[in-house]
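Thanks for making the time this morning. I would like to walk through one structure with you, going from the overall dimensions down to a few individual residues.

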Amino acid sequence: MSSLLEVVGLRAGYGLFSVLHGLEFHVKEREIVSLVGSNGAGKTTTMRALSGLIAPAGGLVRFDSQKTTGFSPSQMVERGLVCVPEGRQLFPEMTVRDTLMVGVSTPRARAQRQENLERVYALFPKLKERGGQLCGTLSGGEQQMVAIGRGLMSAPRMLLLDEPSLGLAPTIVKQLFQAIIGIREQGVTVLIVEQNVRSVLTFVDRAYVIENGSVELSGTAEELANNPDVVNAYFGIGSKENVH
Ligand SMILES: Nc1ncnc2c1ncn2[C@@H]1O[C@H](COP(=O)(O)OP(=O)(O)OP(=O)(O)O)[C@@H](O)[C@H]1O
Ligand SMILES: [Mg+2]
């Protein structure tokens with residue numbers, strides 16, 4: 001299986017402030033891979049650099065065998081890499097249905113609009129019932145469904161999810177992780193940032209531990225879940241939202 005996303009020696013930051021110092025990882029087609037690590041480690045910065053929101057200072061990003069380093073967000077969406085940002089970023093006064101339609105931003109997505117809408121409703125049946133409701137009146141879990149649904153309406157080959165479980169109750173987190181497995185079953189590759197390390201390692205294929213802007217550890221979910229360093233350092237984090 002070839003890598004859909006390949007990241008080699010990625011460096012990025014904000015102005016003179018350097019955050020990523022030569023990050024290396026890859027994601028194969030149809031994998032679910034997680035980036036974990038403590039606050040400020042550079043996970044969101046990685047997502048931003050991959051989706052074109054910030055320009056890398058060095059290194060290489062290859063998506064679908066093509067060099068995409070420095071591509072704009074719309075170029076990345078066009079190629080099939082779509083990010084669901086940290087904090088959901090919905091407009092409270094916009095309805096669920098209109099928000100989903102915001103994701104239909106490329107000719108490719110327009111061509112598959114009805115099919116993608118059916119897929120989103122299959123994953124999140126509640127969104128079909130709540131089509132006319134304003135996003136600001138939805139629960140946190142429903143808002144996260146809308147944010148992911150909007151991403152899926154862009155017809156991604158790969159979905160980047162930045163802390164989708166943040167602030168959600170354990171049962172909702174469990175449902176959300178089930179939906180992410182469903183997204184992979186629909187043929188979409190997933191890269192998910194999570195602080196809830198113990199929970200995320202129950203359903204992803206592999207994970208990378210990022211600290212201070214580089215990969216400190218990597219392995220299969222099982223390897224990392226059995227690694228005493230990972231258990232000691234990270235299994236406390238997000239334990240309130242632990243889905244076990
Ligand atoms: N827009 C910005 N301008 C300047 N510095 C930033 C900006 N965004 C993030 N940083 C800094 O970059 C570093 C990495 O931040 P980043 O958001 O990537 O961390 P993270 O791993 O996603 O953390 P968290 O788990 O808290 O979300 C931090 O030191 C942060 O203060
Ligand atoms: Mg973050």
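Let me begin with the overall dimensions, and please keep in mind throughout that this is a predicted model. For a chain of 244 residues, a compact globule would have a radius of gyration near 18 Å, and the 17 Å found for this chain agrees with that. Along the principal axes, the C-alpha atoms fill a box of roughly 45 × 40 × 35 Å. Of the 244 residues, 52% count as buried, and if we take the contacts with a separation of 6 or more, 69% of them come from residues 24 or more positions apart. The secondary structure comes to 11 helices and 10 strands.

Now to the sheet at the start of the chain. Strand S1, residues 3-14, and strand S2, residues 17-28, pair in the antiparallel sense over nine bridges, and in that pairing Glu 6 stands opposite His 26 in S2. The two strands form a hairpin with two residues between them, and in the turn Gly 15 has a positive phi of about 60 degrees. This hairpin belongs to an open sheet of four strands, in the order S2-S1-S4-S5, with antiparallel pairing. S2 and strand S5, residues 66-67, stand at the edges with a single partner strand each, so one side of each is left without a neighbour in the sheet.

There is a second hairpin further along, where strand S9, residues 206-211, and strand S10, residues 214-220, pair in the antiparallel sense over six bridges. Here Tyr 208 stands opposite Ser 218 in S10, and Asn 212 takes a positive phi near 45 degrees in a hairpin that again is described by two residues between the strands.

Next, the interior. Which residues touch the most other members of the largest nonpolar core? Among its 50 residues, they are Leu 127, Ile 148, Leu 159, Ile 180, Ile 192 and Leu 201. The largest share of this core, six residues, comes from helix H8. Apart from it lies another core, of 28 residues, among them Leu 4, Ala 12, Val 27 and Leu 160. As general background, nonpolar side chains in soluble globular proteins tend to be buried together.

H8 itself deserves a closer look. It runs over residues 170-185, which is 16 residues, and reaches 23 Å from its first C-alpha to its last, close to the 22 Å expected at 1.5 Å a residue. Its buried residues are Val 173, Leu 176, Phe 177, Ala 179, Ile 180, Gly 182, Ile 183 and Arg 184. What covers them includes strands S3, S7 and S8 as well as helices H5, H7 and H9. Just after H8, Gly 187 takes a positive phi of about 100 degrees.

From the core list I would also pick out Leu 201, which touches Ala 207, Ala 221, Leu 224, Ala 225, Val 230 and Phe 235, if we do not count residues up to four places away in sequence. One of these, Leu 224, is found in helix H10, residues 221-225. Is Leu 224 buried or exposed? Its relative accessible area is 3%, and because the cut-off for buried is under 20%, Leu 224 counts as buried. Leaving aside neighbours within four places in sequence, Leu 224 is in contact with Leu 201, Ala 207, Leu 217, Ser 218, Gly 219 and Val 230.

Let me turn to the metal site. The magnesium ion, ligand 2, is coordinated by Thr 44 through OG1 and by Glu 86 through OE, at 2.0 to 2.7 Å. Thr 44 lies in helix H1, residues 43-51, whereas Glu 86 lies in the loop between strand S6 and helix H3, so the pair ties together parts that are 42 residues apart in sequence. Thr 44 is buried, with a relative accessible area of 17%, while Glu 86 is partly exposed at 31%.

Finally, Gly 52 has its place in the loop between H1 and strand S4, residues 58-63. At 13% relative accessibility, Gly 52 counts as buried, and beyond residues up to four places away in sequence it touches Phe 71, Ser 72, Pro 73 and Met 76.

How values were computed. Residues are numbered from 1 along each chain as its sequence is written. Chains are lettered from A and ligands numbered from 1 in the order in which they are written. This is a predicted model: local features need pLDDT of at least 70, side-chain atom pairs count only at pLDDT 80 or more; totals for chains, interfaces and linings use all residues. Side-chain values use heavy atoms; hydrogens and water are left out. Two strands pair if DSSP finds at least two bridges between them. The expected span of a helix is 1.5 Å times one less than its number of residues. Buried means under 20% relative accessible area, exposed over 50%, partly exposed in between (1.4 Å probe, protein chains only). Contact means heavy atoms within 4.5 Å. A nonpolar core is a set of buried Ala, Val, Leu, Ile, Met, Phe, Trp, Tyr and Cys residues joined through side-chain atoms within 4.5 Å. Donors are N, O and S atoms within 2.8 Å of the metal (3.2 Å for Na, K and Ca); water is not among the atoms, so sites may look incomplete. The radius of gyration is taken over C-alpha atoms; the globule rule is 2.2 Å times the number of residues to the power 0.38.
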